[in-house]
Amino acid sequence: MMIQAFIFDLDGVVVDTAKYHYLAWKELAGELGFDFPEAEGERLKGVSRMDSLEIVLESGRITGLTAEEKKRLADRKNKSYLTYINRLDEREILPGILKFLKKIRAEGYKTALGSASKSGGMILQKLGIEDLFDVIVDGLSIVKAKPDPEVFLAAAAKLGADPGNCIVIEDAQAGVLAAQNGGMHCIGIGSEEILKGADVVLEHTGLLPNVNYRALF
């Protein structure tokens, strides 16, 4: 039987945790004696923890730190971030996502989470929607960051689906590229200018339940 599946990115697609990452980095910047403006926070989307730290340090013109000091700072930020996401509940699920998940599962499609977040599984638990995903692949089980397709290919393999029979739902350019690099279709959430290469681009997640995804398979 041919398995057709949807692979969801987490942040900006299922839930908006970017704001909590930003608040945690802003807190760390404050402790280091400088302000980290929201406009700068945009640069952190879809970026790994250590690369994000470099952006924050650069913003505060802080140089000369050892690898050990950097690791301590990144851990401090993560502790703060986890405090924020511990308060998550179903009210934080982005519009249309619950309806869309239930609809595609009722139609027999498989679903997976494909996220670089090391807290992916925990976040789905907090939102109460873990059981709407057949497979969870997050930052704990992958090595390469998007645009490398590792996370999506791992999700497809776990589902037993051919990459060409998978639709990735993404809100970041690196994620769209990862889907392309993995030979998958992609529905982008956001701006067409940024999400070049996506098969379909929707302005926001609320439009997902009405999209003609069958045409993509």
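This note walks through the overall make-up of the chain and then one of its strands, S4.

1. Please keep in mind that this is a predicted model, where local features need pLDDT of at least 70, side-chain atom pairs count only at pLDDT 80 or more, and totals for chains, interfaces and linings use all residues. Residues are numbered from 1 along each chain as its sequence is written, and side-chain values use heavy atoms, leaving out hydrogens and water.

2. Let's start with the whole chain, which has 8 helices and 6 strands (DSSP runs numbered from the N terminus: H or I of at least four residues for helices, E of at least two for strands). Their order along the sequence is β-α-α-α-α-α-β-α-β-α-β-α-β-β.

3. Of the 217 residues, 47% are buried, meaning under 20% relative accessible area with a 1.4 Å probe, protein chains only. The C-alpha atoms fill a box of roughly 55 × 30 × 30 Å along the principal axes.

4. Now to strand S4, residues 166-170: 5 of its 5 residues are buried, so the rest of the structure largely encloses this strand. One side carries Cys-166, Val-168 and Glu-170, the other Ile-167 and Ile-169, and both faces are covered.

5. Which strands pair with S4? Strand S1 (residues 5-8) runs parallel to S4 and is joined to it by 4 bridges; strand S5 (residues 185-189) is also parallel to S4, again with 4 bridges. Pairing here requires at least two DSSP bridges between the strands. Ile-167 stands opposite Phe-6, and its bridge partner in S5 is His-185.

Key
Buried means under 20% relative accessible area, exposed over 50%, partly exposed in between (1.4 Å probe, protein chains only).
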